[in-house]
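Thanks for coming, everyone. I have one structure to walk through today. Have a look at it first.

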Amino acid sequence: MGDGVSAEAVLARLALYLPPTIGAAELAELMRKIRPADTDEAEKLRKIAGLLRRKPGIFTMLRATGGAVRHERAKDETDAAVVTRLASSFDAAAAISGAASVQLASLGDEERLSATTDEIVAWLEALEFTGSDRNILDIGCGIGRFERALSKSFGWMVGIDISSRMISIASQQCAELSNVELRQTSGLDLTEFGDASFDCVLAVDSFPYLVLAGMAERHFEEIARVLKRPGWLALLNYSYRGSLFLDRADIGRLAQAHRLRVLIDGEKPFRSWDGDAFLLAG
């Protein structure tokens, strides 16, 4: 809880990192016994314990959804092999819970996911990232939540993802949106798009997997190519390394290499989600 994340985000992290021998009831009892000096942390622990007691099945679901995606790379895995594995993993995670597969801290609750999505949308709109005349590329669109939430705030939006199941869910969710196009992509590059095709590029929680697959630098180069000038890149979470210092250093280096300017450098502007936000301009 040290970085001030929500109770839901703490629960999601516990589901990812605690040994499977620790069940929901035991964890709730552990939460109850901890007595932090900080009253806000005490309240957060009570909330986590309450969630575990009332809905122990949520903890099991979070473990299954999070466990479907392996965040370590085998020594002999090629970049392309990592992408192929991740595509199958996202398919499996989405089959368990569409909401949790794109944001584990949603706890699989559609309303909670919508609240976080709306907060990110408000942040984007306050920055004038959107506009009725703008074409947007959404890298790692998942189940199409931003296509739906932003549908009245852009001219055309293309959502791409490596997961066939996520694209299928997104296609159902966005079926009535005439200004949205969804594509399953290779995850290797953006060669299917021409130079200066988009006013804005959005990447929410997709770059950590590009970093894992060794594709981050290639995608930065490709984003710089498909962006119009002026153009904007909103990148939320660069990696899961746990080092904002390293993430800032990498983004700064890549931005300089591809003639992009860093306007927002790893801020945490959201209350319901613990993502690090970067905004770059070309």
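A quick definition to start. Helices and strands here are DSSP runs, at least four residues for a helix and at least two for a strand, numbered from the N terminus. On that basis, the chain has twelve helices and seven strands. Keep in mind that this is a predicted model.

How compact is the chain for its length? Its radius of gyration is 19 Å, and the globule rule gives 19 Å for 282 residues, so the chain is as compact as a globular protein of that length. The C-alpha trace spans about 55 × 45 × 35 Å along its principal axes.

Now the inside and the outside. Of the 282 residues, 52% are buried. About 13100 Å² of the chain is exposed, and carbon and sulfur atoms supply 50% of that area. As for charge, there are 33 positive side chains and 40 negative ones. The centres of those two sets lie 4 Å apart.

Next, contacts. Take those between residues at least 6 apart in sequence: 67% of them join residues at least 24 apart.

On to the aromatic rings. A pair of rings is described by two things, the distance of the centres and the angle of the planes. The chain has seven aromatic pairs. Let me pick out Trp-123 and Phe-270. Their ring centres are 5.6 Å apart and their planes stand at 75 degrees; over 60 counts as edge-to-face, so this pair is edge-to-face.

Where do these two sit in the chain? Trp-123 is in helix H7, residues 110–126. Phe-270 is in the loop between strand E6 (261–267) and strand E7 (277–281). They are 147 residues apart, so to speak from distant parts of the chain, and the pair links those parts. Both Trp-123 and Phe-270 are buried.

Phe-270 has a further partner, Trp-273. That pair is tilted, with 5.8 Å from centre to centre and 40 degrees between the planes. Trp-273 is buried as well. Elsewhere, ring pairs join Phe-90, Tyr-209 and Tyr-240 into a cluster.

One last residue: Val-180. You will find Val-180 in strand E3, residues 180–184. Is Val-180 buried or exposed? Its relative accessibility is 13%, and buried means under 20%, so Val-180 counts as buried.

What does Val-180 touch, beyond its neighbours within four places in sequence? Its contacts are Glu-147, Phe-154, Trp-156, Met-157 and Cys-174. Take Met-157: 23 residues from Val-180 in sequence, yet 5.0 Å away in space, C-alpha to C-alpha.

Definitions and conventions. Residues numbered from 1 in each chain as written. Predicted model: local features only at pLDDT ≥ 70, side-chain atom pairs only at ≥ 80, totals over all residues. Heavy atoms only, no water. Rg over C-alpha atoms; globule rule 2.2 N^0.38 Å. Buried < 20%, exposed > 50% of the residue type's maximum accessible area, 1.4 Å probe, protein only. Contact = heavy atoms within 4.5 Å. Areas by Shrake-Rupley, 256 points an atom, 1.4 Å probe, with all protein chains shown as cover. Lys, Arg positive; Asp, Glu negative; His and termini not counted. Charge placed at Lys NZ, Arg CZ, Asp CG, Glu CD. Phe/Tyr/Trp six-rings, centres within 6.5 Å; stacked < 30°, edge-to-face > 60°.
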